[in-house]
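User: I would like to learn how to read a model like this one, feature by feature. Where do we begin?

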Amino acid sequence: AGVKAPELFGAIAHAALPRLDEFASQAFSNTLWAFATVGVKAPQLLEAIAVTALPRLGEFSSQDLTNTAWAFATVGVQAPELFDAIAVTALQRLDNYKPQELVISAWAFA
């Protein structure tokens, strides 16, 4: 829909924070994608996602990894430990990445 609704996104961030341990990998990447797409930074949420998702990156699909890196890069929130871990995980799977995932990953890390 492309609707910027900062109050709604703020409320979603607030509601999601205590429940991040319930999120599946796609829920992380979809949430990040949505916030980045509408340009809502929500640094507290993104930092919490970076910490919570880090030990679970093995569960992420190549698309989840790509979308996660893209979202952090798009909003400009630094997460060096997460990016290092995404790079390690991606290196093990690059043969299975779709061309678009390769391109977006390269952009996100640039």
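Analyst: We go from the whole chain to single residues. Keep in mind that this is a predicted model.

User: How many helices and strands are there in the chain?

Analyst: The count is six helices and zero strands. Along the sequence, the pattern reads α-α-α-α-α-α. The radius of gyration is 13 Å, close to the 13 Å that the globule rule gives for 110 residues, so the chain is as compact as a globular protein of that length. Along the principal axes, the C-alpha atoms fill a box of roughly 40 × 25 × 20 Å.

User: What share of the contacts join residues at least 24 apart?

Analyst: Take the contacts between residues at least 6 apart in sequence. Of these, 73% join residues at least 24 apart.

User: And what do burial and surface look like for the chain?

Analyst: Buried residues are 39% of the 110. The exposed area is about 6,400 Å², and carbon and sulfur atoms supply 58% of it. For charge, there are 6 positive and 10 negative charges, and their mean positions lie 6 Å apart.

User: Now a single helix. Which residues of helix H1 are buried?

Analyst: Start with the general idea. An α-helix has 3.6 residues a turn, so residues three or four places apart point the same way. Now the case here. In H1, residues 6-16, the buried residues are Phe9, Ala13 and Ala16. They cover an arc of only 75° around the axis, which puts them on the same side of H1. Glu7 and His14 are exposed on the other side of H1.

User: Which helices do the buried residues of H1 pack against?

Analyst: Two partners: helix H2 (25-38) and helix H3 (43-53).

User: Let us stay with H2 and H3. What is notable about the phi of alanine 42?

Analyst: The general idea again. Most residues other than glycine have a negative phi. Alanine 42 has a positive phi of about 45°, although it is not a glycine. Alanine 42 sits in the loop between H2 and H3. Its relative accessibility is 17%; the cut-off for buried is under 20%, so alanine 42 counts as buried.

User: Is valine 38 buried or exposed?

Analyst: Valine 38, in helix H2, has 10% relative accessibility and counts as buried. Compare its separation from valine 88 along the chain and in space. The two are 50 residues apart in sequence, and their C-alpha atoms are 29 Å apart.

User: On to helix H4. Which residues is threonine 68 in contact with?

Analyst: Threonine 68 lies in H4, residues 62-75. Leave aside neighbours within four places in sequence. Then threonine 68 is in contact with Ser29, Leu32, Phe60, Leu82 and Ile86. Threonine 68 is buried, at a relative accessible area of 2%.

User: Threonine 74 is also found in helix H4. What is its relative accessibility?

Analyst: The value is 34%, so threonine 74 counts as partly exposed. With neighbours within four places set aside, threonine 74 is in contact with Ala36 and Trp107.

User: How far apart are threonine 74 and serine 62 in space?

Analyst: Their C-alpha atoms are 18 Å apart, and the two residues are 12 apart in sequence.

User: Which points should I revisit in the viewer?

Analyst: Begin with the buried side of H1, made of Phe9, Ala13 and Ala16. Then go to alanine 42 and its positive phi. Finish in H4 with threonine 68, which is buried, and threonine 74, which is partly exposed.

Key
Residues numbered from 1 in each chain as written. Predicted model: local features only at pLDDT ≥ 70, side-chain atom pairs only at ≥ 80, totals over all residues. Heavy atoms only, no water. Helix = DSSP H or I, 4+ residues; strand = E, 2+ residues; numbered from the N terminus. Rg over C-alpha atoms; globule rule 2.2 N^0.38 Å. Buried < 20%, exposed > 50% of the residue type's maximum accessible area, 1.4 Å probe, protein only. Contact = heavy atoms within 4.5 Å. Areas by Shrake-Rupley, 256 points an atom, 1.4 Å probe, with all protein chains shown as cover. Lys, Arg positive; Asp, Glu negative; His and termini not counted. Charge placed at Lys NZ, Arg CZ, Asp CG, Glu CD. Arc of directions from axis to C-beta.
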